[in-house]
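I opened the model to go through its aromatic rings, its sheet and one arginine. My notes follow in the order of looking.

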Amino acid sequence: MEGASKLRVLCFHDEAQNPLVMAKHLEMTFADDAEVLSHLELSYIQAPLDMGEMETDPDELSHCKIFGGTPRRWYICTVGELGERREHLQESVDFAFDWVRQKGPWDGLCGS
C-alpha cells in the first residue's frame, strides 16, 4: 500500500465507553498486527449523552478512569409494560449523520 492513502474509518464506541477507551481497545486488539492500523485513519465520534457513575458498570467505569474521559451513551433504554423504549435515539442518529456529513467521506465504519 506504498503511496496509497489510508482508509478513513469512523469509530462508534459502545455504551459506557468514550473515544479514548475505544482507541485503547483497538490498539490492544491490533497489538500483534500493528501494520493493520498503519493503513487506517481512525476517527472517533463521541456519543452525545453523558452517563453518571452510578449507572455505569464498574468494569467500564474503571476503563474510563484508566484511559480517560467519562462514560457516554447513545440513548437511554427503559423497559416497561409496553416493551423497550429508547429515549434520545433519534437525536443521536441525527448527531451522527451531521458528523458524517461534516467530516466525511468515510471508507468504513467500526463499532465496539
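For charges over rings I used this rule: NZ of Lys or CZ of Arg must be within 6 Å of the ring centre and within 35 degrees of the ring normal. The model is predicted.

Charges over rings. I looked up K103 and found it over the face of W99, at 4.9 Å from the ring centre. I then turned to R8, whose charged end sits over the ring of W106, 4.2 Å from the centre.

Aromatic pairs. How many aromatic pairs does a search of the whole structure find? I noted two. In one, the ring centres of F12 and W74 are 5.6 Å apart and the planes stand at 50 degrees, so I entered the pair as tilted. F12 belongs to strand β1 and W74 to the loop between β4 and β5 (76–80), so this pair ties together parts that are 62 residues apart in sequence. I checked accessibility next: W74 has 14% relative accessibility and is therefore buried, while F12, at 22%, is partly exposed.

The other entry is F95 with W99, also tilted, with 6.4 Å centre to centre and 45 degrees between the planes. Both residues lie in helix α4 (residues 89–103), and because they are four residues apart there, about one helical turn separates them. I have F95 down as partly exposed at 31% relative accessibility, and W99 as partly exposed at 22%.

Sheet. I traced an open sheet of three strands, in the order β2-β1-β7, with parallel pairing. Its edge strands are β2 (40–45) and β7 (108–111), each of which pairs on one side only. From one strand to the next I read an average twist of 30 degrees. Between β1 (residues 7–12) and β7 I noted four bridges in the parallel sense. Which residue of β7 is the bridge partner of V9? I found G108 there. Helix α1 (residues 19–29) packs on this sheet and touches β1, β2 and β7; the direction of α1 makes about 150 degrees with that of β2.

R73. I placed R73 in strand β4 (residues 72–73). Is R73 buried or exposed? I entered R73 as buried, because its relative accessibility is 7% and the cut-off for buried is under 20%. The R73 side chain makes a polar contact with the side chain of E55, at 3.1 Å. Leaving aside neighbours within four places in sequence, I listed the contacts of R73 as E15, A47, P48, L49, M51 and E55.

Technical notes:
Residues numbered from 1 in each chain as written. Predicted model: local features only at pLDDT ≥ 70, side-chain atom pairs only at ≥ 80, totals over all residues. Heavy atoms only, no water. Helix = DSSP H or I, 4+ residues; strand = E, 2+ residues; numbered from the N terminus. Buried < 20%, exposed > 50% of the residue type's maximum accessible area, 1.4 Å probe, protein only. Polar contact = N/O pair within 3.5 Å; in protein donor to acceptor, adjacent residues only side chain to side chain. Contact = heavy atoms within 4.5 Å. Pairing = 2+ DSSP bridges. Axes fitted to C-alpha atoms, helices over the stretch in contact; angles between N-to-C directions. Phe/Tyr/Trp six-rings, centres within 6.5 Å; stacked < 30°, edge-to-face > 60°.
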